[in-house]
Each structure stands twice: as C-alpha cells, then as structure tokens.
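Hi,

Here is the structure I promised to pass on. Have a look at it first, and my notes follow underneath.

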Amino acid sequence: MKIAVVFPGIGYHVEKPLLYYSKKVAAVHGYEIKDVPYGNFPSGVKGNKEKMNACFTCALDQCEDILRDVDFFQYTDILFLSKSIGTAIASAYGQKHELKTKNVYFTPVRESFRFMDQPGIVFHGTADGWVDTETVITECKDRKLPLHIIENANHSLEVGDWAQDVRNLESIMVSVEKFLA
C-alpha cells in the first residue's frame, strides 16, 4: 500500500498547479492521496520570522489532528508532496513520527532545510523571494538532494509568461513522474 500526503504552502493550496498535478502523477503510480488542509494563518508572514514560526507551529499542530487516524506503518511507501512552508512541516512531521518517506519538495523556504533529512527531489526558481538560490544549492548539495532549478521562476515556479509556465509545469511533472517510477 502506498500513500501520498500533500502539505500545501500558506497561500498555495492543494488545488494549485504544482500540487494538483503532482497528486495526479502520484495517483497514476498507485498512491492513495491524503491532503493536509491546514490554515488560518496570519497575513504578512514573508520576512517576519515570528509570524513564520507561528505558522509553522500552528500547521504542525493541525497536522497532528488531521493525520491522527492515519496508520503510516501499514504503508510500504510514504510520499510527501510539499510546497513552501509545507516542506518544513512535512519534514518535521516525518521526523517526529520517525517515518521513512520520500519527498517532492516544491520551493522550500530557508527554515525547511533544518528538517529535510529524508530522500527526495527539490524544485526552486531563481526569482524566489523567500530563499536565495545559492542557499538552496548549498543545502541540497549538503543533503544530496537532486535540485531542479527553473530560471527566472518565482516562489510558485512561474515566470509570468503563461506559455512558458505551462512548458515548465510539464517539465516539472515529468521529473516528478521519473522520481516516482
């Protein structure tokens, strides 16, 4: 049995493109999908360490409630699909519960790297305002995490040209599909 657990970002819910399509890819590979719809975050989080920590703690507490009835040890394959602060939440949750997971980390924030100790792949845009590219490169290298960099892409991995965004999304999903195959 396989399960894919989806950890969204603060403003990037599970129906936005990266998570929506990665769930479809996971489903094709036989994963049961479990969304983690945490929320009720304060505004003005970017650049405010105190609010970021409050969001992290709040979401991690909500995860405990949302995932309380999931018996992860019945699954032979646990996949965490995570976006932004969700990368930190997924990694911290996995550590706390001593889960062996594989991960798709979409646009991790700087704080995520202190928890990212499980195998996975990372996607980052060079125009991401939440964390600089050099930090992501260094952290991924230190953790031996394959890194996919999208030039000029923002925190949603978009460049502002719809046609290029669609091509990039296809390339990203092909990489996710190869990772799961």
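**Strand S3 and its surroundings**

Leu 79 of S3 stands opposite Lys 102 in S4. Keep in mind that this is a predicted model. That pair belongs to a parallel pairing of S3 and S4, made over five bridges. To get from S3 to S4, the chain goes through helix H3 (residues 85–96), and this β-α-β crossover is right-handed.

S3 has another partner too: strand S1 (residues 2–7) runs parallel to S3, and six bridges join them. There, Val 5 is the residue that stands opposite Phe 80.

How many residues of strand S3 (residues 77–83) are buried? Seven of the seven, so the strand is largely enclosed by the rest of the structure. In a regular strand, side chains alternate between the two faces of the sheet. Here both faces of S3 are covered: Asp 77, Leu 79, Leu 81 and Lys 83 are buried on one side, and Ile 78, Phe 80 and Ser 82 are buried on the other.

Now the cores. Nonpolar side chains in soluble globular proteins tend to be buried together. The largest nonpolar core in this model has 28 residues, and Phe 7, Phe 72, Phe 80 and Ile 89 touch the most other members. S1, helix H2 (49–66), S3 and H3 are the elements that give two or more residues to this core. Apart from it lies another core, of 23 residues, including Leu 79, Val 104, Phe 106 and Met 173.

If you want to look at Phe 72 more closely, its contacts beyond four places in sequence are Ile 3, Val 5, Leu 67, Ile 78, Phe 80, Tyr 93 and Leu 99.

Two other residues are worth a click:

- Leu 19 sits in helix H1 (residues 17–28). Its relative accessible area is 0%, so it counts as buried. Leaving out residues up to four places away in sequence, Leu 19 touches Val 6, Phe 7, Pro 8, Tyr 12, His 13, Val 14, Leu 81, Ser 82, Lys 83 and Phe 106. From Leu 19 to Tyr 38 the C-alpha to C-alpha distance is 15 Å, with the two residues 19 apart in sequence.
- Ser 112 is in the loop between strand S4 (102–106) and strand S5 (120–125). Ser 112 is buried as well, with a relative accessible area of 0%. Its side chain makes a polar contact of 2.5 Å with the side chain of Thr 87. Not counting residues up to four places away in sequence, Ser 112 touches Ser 84, Thr 87 and Ala 88.

Cheers

Key
Residues numbered from 1 in each chain as written. Predicted model: local features only at pLDDT ≥ 70, side-chain atom pairs only at ≥ 80, totals over all residues. Heavy atoms only, no water. Helix = DSSP H or I, 4+ residues; strand = E, 2+ residues; numbered from the N terminus. Buried < 20%, exposed > 50% of the residue type's maximum accessible area, 1.4 Å probe, protein only. Contact = heavy atoms within 4.5 Å. Polar contact = N/O pair within 3.5 Å; in protein donor to acceptor, adjacent residues only side chain to side chain. Pairing = 2+ DSSP bridges. Right-handed = clockwise from strand over helix to strand, strands pointing away. Core = buried A, V, L, I, M, F, W, Y, C linked by side-chain atoms within 4.5 Å.
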